[in-house]
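Open the model in your viewer and keep the sequence panel visible. The stops below go from the whole chain to one sheet and then to a single side chain.

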Amino acid sequence: MKNLWMCWIKTINLTLMAVMPTVIFLALSHQVIAEDPGACFMITASGKTVGLANLCGNTTPPSNNDNKVFRIPIKRRLGGTPIIDVTFNDKQSFEMIVDTGATGTVITQGMASTLKLEPTGLMQAQIADGSQVQFSTGKVKSIAVGGVIANNIQVAIAPKAGIGLLGHDFFGKYDIKILEKEVEFHHR
């Protein structure tokens with residue numbers, strides 16, 4: 001009976017650690033800017049988009065970003081949920097879960113350290129199991145996925161999280177379509 005009880009406690013603890021980053025945030029101010037590089041471009045290893053219109057013979061970029069669809073390859077999945085590469089501050093890329101249920105973006109302590117992000121505040125958040133937790137917060141200059149860019153985003157720093165969550169504060173102006181091998185961001 002004691003072993004069963006210990007196994008149950010361990011399972012609950014592991015479950016709470018896995019769902020802890022799935023937080024529900026209060027609305028945070030942000031600005032999302034869609035930047036269309038045109039039909040001919042490449043993305044460097046550092047995540048920067050480089051236009052190649054002159055090489056491709058296309059000198060006029062599309063005039064209407066409203067109908068633009070940004071397609072991001074899915075690197076892998078965690079429990080069926082897509083994981084994509086996300087670039088912070090125009091230079092550092094991390095794998096993150098596309099969490100359509102998270103209002104805000106959550107980064108790991110390791111990500112915060114790599115970005116040299118200093119905590120600027122604290123926030124209370126309700127996680128998926130309904131409990132309240134407190135996170136440090138910090139502000140990142142930019143978050144980019146493909147051609148979708150959000151500037152001055154306040155993020156939560158989850159000290160025990162193993163992977164970050166890309167939340168609604170980033171993709172709120174887009175409809176998300178999760179396909180087998182890619183995630184599509186459709187401008188509303």
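Helices and strands here are DSSP runs, with at least four residues for a helix and at least two for a strand, numbered from the N terminus. This is a predicted model.

**Whole protein**

Colour by secondary structure. The protein has four helices and 15 strands. Next, show the surface: about 10,700 Å² is exposed, and carbon and sulfur atoms supply 55% of that area. Of the 188 residues, 37% are buried. Among contacts with a separation of 6 or more, 57% are between residues 24 or more positions apart.

**Strands E5, E15 and E14**

Select residues 69-73, 174-178 and 182-187. These are strand E5, strand E14 and strand E15. Together they make an open sheet of three strands in the order E5-E15-E14, paired antiparallel. Which strands stand at the edges? They are E5 and E14; each has a single partner strand, so one side of each is left without a neighbour in the sheet. Neighbouring strands of this sheet are turned by 20° against each other on average, direction ignored. Strands of a sheet pair through backbone hydrogen bonds, so display the backbone atoms for the next two stops.

**The E5 and E15 pairing**

Keep residues 69-73 and 182-187 in view. E5 and E15 are joined by five bridges and run antiparallel. Label two pairs of residues here. Phenylalanine 70 is opposite phenylalanine 185 in E15. Proline 73 is opposite glutamate 182 in E15.

**The E14 and E15 pairing**

Move to residues 174-178 and keep E15 on screen. E14 and E15 also run antiparallel, with five bridges between them. The two strands form a hairpin, and three residues lie between them. For a pair to label, take isoleucine 178, which stands opposite valine 183 in E15.

When you turn on side chains, keep one point in mind: in a regular strand they alternate between the two faces of the sheet.

**Threonine 105**

Leave the sheet and select threonine 105. This residue is in the loop between strand E8 (92-98) and strand E9 (106-108). Is threonine 105 buried or exposed? Its relative accessible area is 0%, and buried means under 20%, so threonine 105 counts as buried. Now add glycine 167 to the selection and draw a distance to its backbone nitrogen. The side chain of threonine 105 reaches that nitrogen at 3.2 Å. A polar contact is a pair of N or O atoms within 3.5 Å.

Technical notes: Residues are numbered from 1 along each chain as its sequence is written. This is a predicted model: local features need pLDDT of at least 70, side-chain atom pairs count only at pLDDT 80 or more; totals for chains, interfaces and linings use all residues. Side-chain values use heavy atoms; hydrogens and water are left out. Buried means under 20% relative accessible area, exposed over 50%, partly exposed in between (1.4 Å probe, protein chains only). Contact means heavy atoms within 4.5 Å. Accessible areas come from the Shrake-Rupley method with a 1.4 Å probe; for residues, only the protein chains shown count as cover. A polar contact is a pair of N or O atoms within 3.5 Å; within protein, one must be able to donate a hydrogen and the other to accept it, and residues adjacent in sequence count only if both atoms are side-chain atoms. Two strands pair if DSSP finds at least two bridges between them. Axes are lines fitted to C-alpha atoms, for helices over the stretch in contact, and angles run from 0 to 180 degrees between N-to-C directions.
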